[in-house]
Amino acid sequence: MCRIAGIFNPITQSLRADITSMRDAMHRGGPDDAGIYIDEDIPFAVGHRRLSILDLSPAGHQPMFSSDSNLCMVFNGEIYNFPELRTELMKAGFRFTSKSDSEVLLAGYQHWDVDCFARLNGMFAVAIFDRKNKELVLARDHAGMKPLYYYLGEGKLFFASEIRAFKALGINEENPAWKPLFLMFGNIPEPFTTLKDVVMMEKGMWMKIQLPSLQKTEGYFYKDDFTVRMTDAETAISAARQKLSAAVKRHLISDAPLGIFLSGGTDSSLLTLLAAPLLKGNLQTLSIQFEESQFNEEKYQRLIIEKTKAHHHFFRVSRDDFKEHLPEILEAMDMPTVDGINTWFVSRFAHKIGLKAVLSGLGADEIFGGYPSFNRFTALKLIHGFPEITKRPLKTLRAPPYNKLSFAHLPFPVALYLMNRGLFSLTEAVELSDARTDVVWEALHKIKGPRNMGSRSLQYNAWMEQNFYMKHQLLRDSDVMGMWHGLEIRMPFLDKELLETINSIDPSVKFNRCITKYLLIEAFASLLPSEIWARPKQGFTFPFENWLKQPDIAPPLTRKAHIYHKFINGKLHWSRYWAVKMTA
């Protein structure tokens, strides 16, 4: 798990200094080692910062070179099925000098070219440079767990794991659409970033770029597939049980200390129960408590701790902790978000007890139907399909949560998502950000929606939860907040084999309006205590509303005072207020 960066810039006179600046702007995500490679003839350079998880020896140093010295690679991520790939490549004649997944990935590309990416089960962002052919390949994992931003134009190429790396080179021109998009989504949806012409690479995609011409070819090694292939309930339950159990086992591979975020909810409790027998008494878990008792889940956490005999660590977060660390939290965000602060704190505590990797339950709600959106979606889709004349009055709605219905008139797939999760209406977002409506409209056109989904409403909603809320917000927040503390956050629920299996199950089997995450609970009914799954859903949330109402923590907005007064008077959710503060 690392941070990567690269530059092709024919007009620079300071290539070494530039790549060093990009690389070291991301030093928090790679505290264990650093390296660069420069080809002065083009000129081209890559940089790498390392967080050592597999093969902690110097043999895992990057940039890494192929056995024939032609390929140069910088890699961020983990490949969980690398032992199987290593065996296959050894049969093909390859020899390995380290125990790292990085060396296996590089040999895989040497052997299979871009076809190697489809064989990988893991999270990754990778850049491989063919020195002989002057060709660069970039690729990003199947679920979008690891970020890869790039700028390609005006005869130049830059790429990096974080936006701050571009800013280190003085690339600061703002994207005029980011603020209104953020006010609608609560995050900045891909492919956009806060910077003009700096975009996020699509998940499941590879891109080859010839240097110095910058001629580009691209393709997909993975595409979401919600085609129903499994309709029998017992088969689906068995498959879910087998695939998740295997995924957890894969995700426990590590040469560095590893633990689990245990919130006390269904997902983290289940991961803990599955991991315990595999770690044979070496399981470490951690959780957060608050002075505000209604946010504490200690009762449920202790159920799992006692059942697994895990070595658990309780940590307390107070309003004073929030106030003290808020400046650093804002810096860690890299780009604004209304979420992620909880992940910042739990990652900080994981680092404090010496962990370098943790398992998270992220992804379970999106693939097993854990959100209220799965119950609302059919009705919202019906409203979105109304004739325009019928929807016209909805445009003027401003009072939350009804203002979400104003998105019904938008002719984009993303409108259905915003009808579920939008913060401010398009009109409000434009007014609050002083943006131009045509700029926002053009941006919404570029946000891709699901294709060939037909009328399978709940599959459609699952696609949107996985590709909008999860990918644009939860995954990005987990990456930046975890890596800020030199911590790798692993997500077994997004294991490629598990994800493909669950997405192929008939929604009538997978989802149940009365039981949240029905299929998951059925699959592990004999293992998961009913006290955990039968209680009302409680997300991993902090007492933000109480804290943000205290002026010494979040000074009142002056220019948009009406937003502040709505929040103080309980007429505006804290996330909407926070979104406005992030764009002020």
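Two strands count as paired here if DSSP finds at least two bridges between them, and the elements themselves are DSSP runs numbered from the N terminus: helices are H or I with at least four residues, strands E with at least two. This is a predicted model, so to speak of local features takes a pLDDT of at least 70, side-chain atom pairs count only at pLDDT 80 or more, and totals for chains, interfaces and linings use all residues. Residue numbers start from 1 along each chain as its sequence is written, and side-chain values use heavy atoms, with hydrogens and water left out.

**Stop one: the sheet**

Select S2, S3, S1, S9, S8 and S10. In that order these six strands make an open sheet with antiparallel pairing. At its edges sit S2 (33-39) and S10 (199-200), each pairing on one side only. Now zoom in on S2 and S3 (residues 44-50): the two run antiparallel and are joined by seven bridges. Pick aspartate 33 and you'll find arginine 50 of S3 opposite.

Next, click on proline 43, in the loop between S2 and S3. The peptide bond joining isoleucine 42 to proline 43 is cis, with omega about 0°.

**Stop two: another cis proline**

Jump to the loop between S11 and S12, where proline 212 lies. The bond to look at runs from leucine 211 to proline 212: it is cis, with omega near 10°.

**Stop three: the second largest pocket**

Stay with S11 (205-210) and S12 (216-220), then add S10 and H17; each of the four supplies at least two lining residues to the second largest pocket. (On a 1 Å grid over the protein atoms alone, a pocket is an open set of points with protein on both sides within 12 Å along at least five of seven lines, a cavity is a set where a 1.4 Å probe fits but cannot get out, and lining residues have an atom within 4 Å of a point.) The pocket holds about 760 Å³ of space, a volume being the space filled by probe spheres set on grid points that are joined across faces, edges and corners.

Of its 33 lining residues, show Glu202, Tyr220, Lys448, Gly449 and Trp463 as sticks: they lie nearest the centre. H17 gives the largest share of this lining, five residues. Colour by type and you get 15 nonpolar, five polar and 13 charged (Ala, Val, Leu, Ile, Met, Phe, Trp, Tyr, Cys and Pro are nonpolar; Asp, Glu, Lys and Arg charged; the others, Gly among them, polar).

**Stop four: a closed space**

Keep H17 (residues 457-484) selected, as this helix also gives the most to the lining of the second largest cavity, with five residues. The whole structure has five cavities of 30 Å³ or more, and this one contains about 90 Å³. Among its 16 lining residues, Tyr149, Glu190, Met200, Lys471 and Arg476 lie nearest the centre. The lining splits into eight nonpolar, two polar and six charged.

**Stop five: odd backbones and cysteines**

Which residues that aren't glycine have a positive phi? Try serine 69, at about 70°, in the loop between S4 (64-65) and S5 (71-79). Then go to lysine 517, at about 55°, between H19 (507-510) and H20 (518-523). Serine 69 is partly exposed at 37% relative accessible area, while lysine 517 is buried at 7% (buried is under 20%, exposed over 50%, partly exposed in between, with a 1.4 Å probe and protein chains only).

Finally, select the cysteines. The structure has zero disulfides (pairs of cysteine sulfur atoms within 2.5 Å). The sulfur of cysteine 72 is too far for a bond, because the closest cysteine sulfur, in cysteine 2, is 14 Å away. Cysteine 72 is buried at 2%, whereas cysteine 514 is exposed at 74%.
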